[in-house]
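Visitor: I should like a close look at one part of this model, namely the packing of its helices, with the individual residues that help to describe it. Please set out what has been computed, with the criteria used.

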Amino acid sequence: MKLGLDGKVAIITGASRGIGFACANEFLEEGAKVVLVSQDAGRNVAAAKSLAATAGDRVLGIAADLADRAAMDDVVARTLKTFGRIDILVNCGAAVIDDDFFNLSDDGFDALFENKLNGTAGLIRRVVPNMRERKWGRIINFSGGAARTPKSARIGVGLNNAAVLTLTKALATELAKDNILVNAILPQGIASERLAQAMTTATADAPVRKVTNPLGRAGTSEEVSGLIAFLASERASFITGAAFTVDGGAYPSI
Ligand SMILES: NC(=O)c1ccc[n+]([C@@H]2O[C@H](COP(=O)([O-])OP(=O)(O)OC[C@H]3O[C@@H](n4cnc5c(N)ncnc54)[C@H](OP(=O)(O)O)[C@@H]3O)[C@@H](O)[C@H]2O)c1
């Protein structure tokens, strides 16, 4: 299947590792130009360097904190300066803040939204004007299983993921007239570095995490990234406002 991603310009957050890195790799293999956004400068440089070894100047790494508005302005400005346009935004970056609702102060509660929800919304606000100019765009937001299985003990993850779904549906409706398609992914049990570690090592706050699903195993980042590449492509031209679960069948409802 030809995806038609050749020459498209994608900003991918959380691209230093895990699912975001797998997406960057997949997009580059399809001929796209990719801007890798992540927080830690060392990891960002290492990821960009490893991908540039085969993709050359189609890769741009930018270390930026999703909670920093000025840094988000800079991501968009540098992307436009380097590649001249923005076709695709993949909002994959997020730090996991696991905390029980009753352990949070008012300020701690406010801070929960600073990377995932505000980073997602902030980048969408900044890239849409460029997409509108060409009447073409793809935005893929990362939610997660916790959006549909609310727990007080994981309130930060759950609220961010639920809010990302609401944002996705609202903007899909609003941006359809500009041919900008907005969809969400709900991964669960994907053995990115972070989860792989949680599945093998207990910490003071959490026991070893068990992944349970009908397939009986954890997924890989590459088992998510193929779907992202498809949704970002011309082939997905009639799909918007949808939420796709990638969890080995873990979610018990239809
Ligand atoms: N893995 C799963 O099973 C699962 C389940 C539910 C939801 N999800 C969602 O899927 C997405 C990817 O998950 P993952 O497991 O692949 O994550 P991951 O391996 O933990 O990687 C997280 C990425 O986000 C970046 N990041 C974190 N905080 C940031 C910030 N403030 N500013 C900029 N970048 C930041 C990290 O950059 P650094 O390298 O610099 O830290 C890293 O590149 C996330 O949105 C996550 O919530 C995943």
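Guide: The account below begins with one helix and its two partners and then turns to individual residues.

This is a predicted model, in which local features need pLDDT of at least 70, side-chain atom pairs count only at pLDDT 80 or more, and totals for chains, interfaces and linings use all residues. Residues are numbered from 1 along each chain as its sequence is written, and side-chain values use heavy atoms, with hydrogens and water left out.

Two packed helices are described by the angle between their axes and the distance between the axes. Helix α1 spans residues 18-29 and helix α2 residues 41-55; their axes come within 11 Å and cross at roughly 15°. α1 is therefore roughly parallel to α2 (angles under 35 degrees count as roughly parallel, over 145 as roughly antiparallel, 65 to 115 as roughly perpendicular and the rest as oblique). Axes here are lines fitted to C-alpha atoms, for helices over the stretch in contact, with angles from 0 to 180 degrees between N-to-C directions. Helices (H or I, at least four residues) and strands (E, at least two) are DSSP runs numbered from the N terminus. The crossing of α1 and α2 is right-handed, that is, the near helix is turned clockwise from the far one by less than a right angle. On the α1 side the residues in contact (heavy atoms within 4.5 Å) are F21, A24, N25 and L28, and they meet A47, S50, L51 and A55 of α2. The contact of α1 with α2 comprises 6 nonpolar and 2 polar residues and no charged ones (Ala, Val, Leu, Ile, Met, Phe, Trp, Tyr, Cys and Pro are nonpolar; Asp, Glu, Lys and Arg charged; the others, Gly among them, polar).

Helix α1 also packs with α8, at an angle of about 50° and with the axes 8 Å apart. This angle makes α1 oblique to α8. The crossing of α1 and α8 is likewise right-handed. Here I19, A22, C23, E26 and F27 of α1 meet E222, V224, S225, G226, I228 and A229 of α8. The residues of the contact of α1 with α8 divide into 7 nonpolar, 2 polar and 2 charged.

A229 offers a residue-level view of this second pairing. A229 belongs to helix α8, residues 222-231. With a relative accessible area of 1%, A229 is buried (buried means under 20%, exposed over 50%, partly exposed in between, with a 1.4 Å probe and protein chains only). Apart from neighbours within four places in sequence, A229 is in contact with L3, L5, E26 and F27. The C-alpha atoms of A229 and E30 are separated by 8.4 Å, although these residues are 199 residues apart along the chain.

Two further buried residues concern strand β5 and the loop after that strand. N141 lies in strand β5, residues 137-142, and is buried at 0% relative accessibility. The side chains of N141 and N91 make a polar contact at 2.9 Å (a pair of N or O atoms within 3.5 Å; within protein, one must be able to donate a hydrogen and the other to accept it, and residues adjacent in sequence count only if both atoms are side-chain atoms). Leaving out residues up to four places away in sequence, N141 touches N91, T120, I124, V164, T168, V182, N183, A184 and I185.

S143 is found in the loop between β5 and α6, the latter covering 155-175. At 4% relative accessibility, S143 counts as buried. A polar atom of the S143 side chain lies 2.8 Å from the backbone oxygen of N161. Beyond its neighbours within four places in sequence, S143 is in contact with K116, N161, V164, L165, I185, L186 and P187.

Three partly exposed residues complete the account. F109, in helix α4 (residues 106-111), has 25% relative accessibility and counts as partly exposed. Residues up to four places away in sequence aside, F109 touches F101, L104 and L159. K135, in the loop between α5 (116-134) and β5, has a positive phi near 50° without being glycine. At 45% relative accessibility, K135 is partly exposed. N179, in the loop between α6 and β6 (180-187), also has a positive phi, about 60°, and is not a glycine. N179 is partly exposed, with a relative accessible area of 30%.
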